[in-house]
Amino acid sequence: MALNLNKFNRIIDLTFYTSAGGKKFIRCPRRGRKPDIEIQGTYGSKSFLTTFNITVKNLYFDLQTEQYARVEVEAGYEGNTVTISGTILTMYQEAPGPDGRTVIQCQQGTMQNWLDANVQLSYDAGTSLTEVLKAIQGKLGLTQTKPGTKAGTLILKTPLQYDGSARGALQELEGRYGEEHLVLFVRNTTLYAECLASGDFVGIKIMEYLSAPPQPNTGGKDGVYYTTVTGPWMPDLNKFDRLIIPARVYMKNYGLVGSGKTQTIQVTSLSFHFGTCGSVNSMTVQGPKS
C-alpha cells in the first residue's frame, strides 16, 4: 500500500488584520519551498484563553507605520488543519535581516472584550448554570455556550448577585462548583463548561504516533495520578478532550505491552511547537486517566 505523504505535509497560513481594517496574507505553498514559520501554543488547565506565539523568518512588514491588531492562523497537515484566531499583544523583530525573525505574541479570542466587558448578573437560586453562562457569553462576543453532560444539569445553589468583569464572573462560577471540578474555557468563539469530577469531555481523539512511552506520575498534594505523553502535534486535539492511546502504538515503537488494549487520559494541559521547515513538530499532553 502506498504511503500518503500528504498526510504529513505541514502547513501554516497567516492572515493579518490591521487596525485600519486592511489585510495581509502569508500563504504556505502545498508543494515546493515553504516560508519558515513556527507556532507555539499552551492550553493550560487554569486559563480561560489560550496563548500562542508565531515566529516568521524574513517577514518584511513595516511595523513602524502599520499597526496589526489581529491574526488568523490555519495550521496543521494537508487535509487536517485547525484555525486559531487571536489578538496580537506584541509584534517585534527578534534579529535583523538577512534571515531575521519576527515574533508575534498573541492571545486567542478578542482580548479587548476580556478587558472591557462588564456583566450585571442577578439570578435566583435554582437558575440553570447554562442560562447564566449565556448572559456572559454575549458580553464576550462569543457565538454559543456548550455545557457538558453534567455541567448542563447544574443549577445555582444560592442566589447570584454580581456586577463586574466577565472574567471575574467566570471565576466566581468556577468557585461555586468546586466539588464538581467545574472548568470554563473558550475555544475560538464557544464558551465551554465541563465537570471533570464526572468525566465530562468535549471530543475523543486517537494518538497514532509517540515520541516516548506514556509517563505516569503523581501530581500535587492530593496525589492525583497523571500521565504525560509526547508526540507529533495533533491539530484537532485540545484541552478537556479524551485522548486514546492504543497499546499497539507503543508496542510497535518500543516493544512494550500494556495491561489493556488502550490507555485513555483526559487532557488537562497541552503545549505544542510546530513549524513548516526542519524538524519542529512536537506536543506534550498531560491528564488523568479516564
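This report walks through a predicted model of one protein chain, from its overall make-up down to a few individual residues.

## The chain as a whole

Let's start with the big picture. The chain has 290 residues, and 44% of them are buried. Its secondary structure adds up to 19 strands and four helices.

How do the contacts spread along the sequence? If we take contacts between residues at least 6 apart in sequence, 61% of them link residues at least 24 apart. As for the surface, about 14700 Å² of the chain is exposed, with 49% of that area coming from carbon and sulfur atoms.

## Helices H2 and H3

Two packed helices are described by the angle between their axes and the distance between the axes. Here the pair is H2, covering residues 129-139, and H3, covering residues 166-176. Their packing angle is about 165°, and the axes sit 10 Å apart. Angles over 145 degrees count as roughly antiparallel, so that is the label for H2 and H3. The crossing of H2 past H3 is left-handed.

Which residues make the contact? On the H2 side they are Leu-129, Val-132, Leu-133 and Ile-136, while H3 brings Ala-166, Ala-169, Leu-170 and Leu-173. Sorted by type, the residues of this contact come out as eight nonpolar, with no polar and no charged ones.

## Two glutamines in those helices

Each of these helices also holds a glutamine that we can look at on its own. Gln-137 belongs to helix H2. Is Gln-137 buried or exposed? Its relative accessibility is 11%, so Gln-137 counts as buried. Setting aside neighbours within four places in sequence, Gln-137 is in contact with Leu-142, Thr-143, Gln-144, Thr-145 and Leu-191.

Over in helix H3 we find Gln-171. With 46% relative accessibility, Gln-171 counts as partly exposed, because that class runs between the 20% limit for buried and the 50% limit for exposed. Gln-171 and Leu-184 are 13 residues apart along the chain, and their C-alpha atoms are separated by 8.5 Å.

## Positive phi in two loops

Next up are a couple of backbone oddments. Asn-58 is not a glycine, yet its phi is positive, near 60°. Where does Asn-58 sit? You'll find Asn-58 in the loop that runs between strand S4 (51-57) and strand S5 (68-77). Its relative accessibility of 31% makes Asn-58 partly exposed.

His-181 is another residue other than glycine with a positive phi, in this case about 55°. The loop holding His-181 lies between H3 and strand S11 (182-187). His-181 is partly exposed too, at a relative accessible area of 46%.

## Thr-227 in strand S15

Last stop: Thr-227, which is placed in strand S15, residues 224-231. How does Thr-227 rate for burial? The relative accessible area of Thr-227 is 1%, so this threonine is buried, given that buried means under 20%.

What does Thr-227 touch, once residues up to four places away in sequence are left out? The list is Pro-214, Gln-215, Pro-216, Gln-263, Ile-265, Val-285, Gln-286, Gly-287 and Lys-289. One of these partners, Gln-215, is 12 residues from Thr-227 along the chain, and the C-alpha atoms of the two are separated by 5.4 Å.

Terms used:
Residues are numbered from 1 along each chain as its sequence is written. This is a predicted model: local features need pLDDT of at least 70, side-chain atom pairs count only at pLDDT 80 or more; totals for chains, interfaces and linings use all residues. Side-chain values use heavy atoms; hydrogens and water are left out. Axes are lines fitted to C-alpha atoms, for helices over the stretch in contact, and angles run from 0 to 180 degrees between N-to-C directions. Angles under 35 degrees count as roughly parallel, over 145 as roughly antiparallel, 65 to 115 as roughly perpendicular and the rest as oblique. A crossing is left-handed if the near helix is turned anticlockwise from the far one by less than a right angle, and right-handed if clockwise. Contact means heavy atoms within 4.5 Å. Ala, Val, Leu, Ile, Met, Phe, Trp, Tyr, Cys and Pro count as nonpolar, Asp, Glu, Lys and Arg as charged, and the others, Gly among them, as polar. Buried means under 20% relative accessible area, exposed over 50%, partly exposed in between (1.4 Å probe, protein chains only). Accessible areas come from the Shrake-Rupley method with a 1.4 Å probe; for residues, only the protein chains shown count as cover.
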